[in-house]
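Work through the exercises below with the model open. Each task is followed by its solution.

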Amino acid sequence: MTTLAPSCPVPLTPGRPSSRLPRRKTWRRRLPLSPALLLVIVVTQIPFVFTVIFSFQSWNLVRPHSRHWVGLSNYAAVLTDSAFRDALLTEVEMTVLAVAVSMLLGVGLAVLLDRGFPGRAVVRTLLIAPFLIMPTVAGLLWKTTMLDPVYGIVNFLLRLVGIAPVDFVSRFPMASIVTVLVWQWTPFMTLIVLAGLQSQSGDVLEAAQIDGAGPWRTFRAITMPHLRPYTELGVLLGAIYLVNTFDVIFMMTQGGPGTATTNLPFYLYQRAFLGFDVGQASALGVVTVAGTIVIASIALRMLFTVFRATEGRA
């Protein structure tokens, strides 16, 4: 009787054509995405390269023939500029306030929407509406319809209870901007937290109820740790988007009164399109982008660490 030896596959070497087959399949799958990738590169990366080049030059459009190479002088001028530091502090204050308040409101609304009640689907739909409104329209809407000292709805309600009208945009500019941002971003935070609530295991909640844990203790000891990755994701995404706030400021306060609401994007707009200083505006843009990338990278690494820890416990 002849015994056939089991077939042993020959290990593939990098030089064999068959080893290049998976790579070819990979590139074939990626090929349909190449037009979109090319468009992203043309629209974002090429302008950024020109911005970096301009940041090393002294170029003011008021003096077109004064363009020359200055090296790192623009960066030194930006980093030692007191107006830049004030805009940075305003940026941090505005972003932290808007993200914190919208997340707190989002958690509260998500807990309410997670419970069953008549008309819950309609309420969810209405709650999302502010997030779908363009920031420019939202700023104009709040300035003219809600906060106007003469015709605004808020002051109309204040008159009904005997309170004199208040020019909110002029007297409380930062609070007015933050109010609009919170109104826009609370639905986003609510949806993220609601997704986390609905992914929570009902068996765990039922076991806590059987053990005698009340609603508040269950929420504090079980629900909040479960929601941590979702809340951190909402804070991260909200902060990345709110750092670039420009539309609401432009429509409501123009960075004022004085520089009370001038953040980094609006300060960049002032240097580039009001001061016509292309060189320093480009340096300011590069510094802002670099800082945003560093902070976002650190936050993403922390977020991924939390997600891995959560998956490990699961």
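**Exercise 1.** What percentage of the 314 residues in the protein chain do buried residues make up?

*Solution.* First, the basis. This is a predicted model, in which local features need pLDDT of at least 70, side-chain atom pairs count only at pLDDT 80 or more, and totals for chains, interfaces and linings use all residues. Residues are numbered from 1 along each chain as its sequence is written, and side-chain values use heavy atoms, without hydrogens and water. Next, the cut-offs: buried is under 20% relative accessible area, exposed over 50%, partly exposed in between (1.4 Å probe, protein chains only). The result: buried residues make up 32% of the 314.

**Exercise 2.** Describe the fold content and the spread of the chain.

*Solution.* Start with the elements. The protein chain has 14 helices and two strands; these are DSSP runs, H or I of at least four residues for helices and E of at least two for strands, numbered from the N terminus. Its radius of gyration is 27 Å, well over the 20 Å of the globule rule for 314 residues, so the chain is more spread out than a compact globule. That radius is taken over C-alpha atoms, and the rule is 2.2 Å times the number of residues to the power 0.38. Along the principal axes, the C-alpha trace spans about 105 × 70 × 35 Å.

**Exercise 3.** Place Thr 95 in its surroundings.

*Solution.* Locate Thr 95 in helix α4, residues 82–113. Check exposure: Thr 95 is buried, at 9% relative accessible area. Then list partners. Beyond neighbours within four places in sequence, Thr 95 contacts (heavy atoms within 4.5 Å) Ala 239, Leu 242 and Val 243.
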